[in-house]
Amino acid sequence: MQTIRVETPSAKYDVFAGSGLLQTLAPRIERTIGKLPRRVFILTSPEIWALWGHSVQQSFREAPVVLFLPPGEKHKNMASVERLTREMARSGGDRGSLLIAFGGGIVGDVGGFVAAVFMRGIPYVQVPTTFLAQVDSSVGGKVGVNLPEGKNLVGNFHQPRAVFADIAVLGTLPERELRAGLMESVKAGIIRDRALVRYMEEHADEVLAGNAKALEKVIADSIRMKAAVVSKDERENGLRMILNLGHTVGHALETATGYKAMLHGEAVGWGMIATLYLARKRGTISPGQFDRMEKLILRYGPLPPLNVRAAKVVAATSGDKKNVGGVRRFVLPVGIGDAGVVEDVTPAEIEAAVEYMLGRAQSLERAKSLAAQ
């Protein structure tokens with residue numbers, strides 16, 4: 001097991017990454033944050049609870065109150081927050097209660113937001129069960145829900161008391177979910193860790209096959225990178241924005257397709273390809289670096305086909321949270337292993353990048369069709 005420390009102005013906590021953590025979750029939480037309170041809530045999805053609920057529940061001396069959030073972005077909304085907080089109030093929740101977010105990124109985001117607003121804030125613990133949640137969304141305290149107008153437009157910064165990433169649960173993860181989550185690790189390498197890029201290039205077969213040692217290496221390095229960034233910039237006032245590489249176009253894709261056409265990691269993968277095109281045009285990366293990074297993204301695909309108009313995607317980028325005062329902020333790679341934020345990207349540049357992305361998707365589909373003949 002590896003332990004990564006996160007230290008921000010508002011909180012200090014550990015991220016534990018290893019196998020076999022669920023069976024002893026309650027005592028691990030107590031060793032980390034102290035005696036469990038009278039009322040413990042576990043927010044999870046029915047599917048996750050069916051697979052792992054017994055193992056988790058057996059670790060508690062007193063049965064926690066289990067709350068359910070159905071899967072899918074359509075449930076990541078204010079209606080779910082109201083329902084869950086009312087269930088907690090009816091179950092005797094108070095300011096001393098603890099919430100455990102046990103599931104993928106949506107459960108973690110909603111659970112963290114519920115913890116941030118219930119009784120004006122209660123402590124919570126993240127127990128992420130998808131690769132994407134383990135390497136990205138469970139760390140850093142960004143919590144929130146979607147609006148029809150855009151992704152994560154209502155939220156807060158509420159740091160967890162601890163994060164327990166059990167790699168063993170990834171064995172039940174569908175291959176598509178694993179590949180989508182790996183896009184966040186590809187992103188982590190591109191923006192801050194050249195060695196991680198090289199490792200993911202050289203060990204792609206082992207990582208995609210679910211080799212425990214390879215996965216632990218990628219997960220720990222991804223978390224370590226994010227922890228270092230979050231510790232320096234907790235509330236995304238500067239450096240932390242680089243963690244959004246590929247997310248401006250990725251979130252726009254999700255919004256433009258009604259959160260139904262692709263997984264979040266897949267949208268980020270396409271968003272990174274659009275961003276690489278823009279970076280190559282601006283000269284922040286060389287043609288060779290562009291080819292290498294695009295090849296890595298596609299190696300961890302396949303990414304889903306895109307059936308959306310460029311104009312709709314470009315329009316959706318105007319709702320990006322990084323935009324301030326009408327200025328569109330965009331994260332661009334600077335070589336491999338570094339990134340920066342620019343504020344002068346024009347709508348025409350974004351449109352050209354989106355057009356390249358859509359064209360690349362079409363060419364990949366054509367190649368796939370020919371190969372199948």
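## Asp-14 and its contacts

Leaving out residues up to four places away in sequence, Asp-14 touches Thr-3, Ile-4, Arg-5, Ala-162 and Val-163. The model described here is a predicted one. Asp-14 belongs to strand E2. Its relative accessibility is 19%, and because buried means under 20%, Asp-14 counts as buried. Between the side chains of Asp-14 and Arg-5 there is a polar contact of 3.3 Å.

## Strand E2 and its partners

Strand E2 covers residues 12-18, and six of its seven residues are buried. Which strands pair with E2? One partner is strand E1 (residues 2-7), which runs antiparallel to E2 and is joined to it by six bridges. Within this pair, Val-6 stands opposite Tyr-13. The two strands form a hairpin, with four residues between E1 and E2.

Another partner is strand E9 (residues 163-166), and here the pairing with E2 is parallel, over four bridges. Val-15 of E2 has Val-163 of E9 as its bridge partner. Val-163 is also one of the residues that Asp-14 touches.

## Helix H1

Five residues of interest in helix H1 are Leu-25, Ala-26, Arg-28, Ile-29 and Glu-30, which are buried. What covers the buried residues of H1? The cover includes helix H2 (46-58), strand E5 (98-103), strand E6 (124-128) and E9. Strand E9 thus appears both here, as part of the cover of H1, and as a parallel partner of E2.

After H1 comes Gly-34, which has a positive phi near 105°.

## Arg-39 in the loop after H1

Arg-39 lies in the loop that runs between helix H1 (25-33) and strand E3 (40-44). Which residues is Arg-39 in contact with, leaving aside neighbours within four places in sequence? They are Val-65, Ser-91, Gly-92, Gly-93, Ser-97 and Leu-98.

Two of these contacts can be described further. Gly-92 is 53 residues from Arg-39 along the chain, and the C-alpha atoms of the two are separated by 7.3 Å. With Ser-91, a polar atom of the Arg-39 side chain lies 2.8 Å from the backbone oxygen.

## The hairpin of E10 and E11

Strand E10 (residues 330-333) pairs with strand E11 (residues 339-342) in the antiparallel sense, over four bridges. Leu-332 of E10 stands opposite Gly-340 of E11. The hairpin has five residues between its strands, and Gly-335 in this hairpin takes a positive phi near 70°.

Are the residues of E10 buried or exposed, and which way do they point? Phe-330 and Leu-332 point one way, Val-331 and Pro-333 point the other way, and all are buried.

## Helices H11 and H12

Two packed helices are described by the angle between their axes and the distance between the axes. For helix H11 (residues 264-282) and helix H12 (residues 287-299), the axes come within 10 Å and cross at roughly 175°. Angles over 145 degrees count as roughly antiparallel, so H11 is roughly antiparallel to H12.

On the H11 side, the contact is made by Gly-269, Met-272, Ile-273, Leu-276, Tyr-277 and Arg-280. On the H12 side, Pro-287, Phe-290, Met-293, Glu-294, Ile-297 and Leu-298 take part. Of the residues in this contact between H11 and H12, nine are nonpolar, one is polar and two are charged.

Definitions and conventions: Residues numbered from 1 in each chain as written. Predicted model: local features only at pLDDT ≥ 70, side-chain atom pairs only at ≥ 80, totals over all residues. Heavy atoms only, no water. Buried < 20%, exposed > 50% of the residue type's maximum accessible area, 1.4 Å probe, protein only. Pairing = 2+ DSSP bridges. Contact = heavy atoms within 4.5 Å. Polar contact = N/O pair within 3.5 Å; in protein donor to acceptor, adjacent residues only side chain to side chain. Axes fitted to C-alpha atoms, helices over the stretch in contact; angles between N-to-C directions. Parallel < 35°, antiparallel > 145°, perpendicular 65-115°, else oblique. Nonpolar A, V, L, I, M, F, W, Y, C, P; charged D, E, K, R; others polar.
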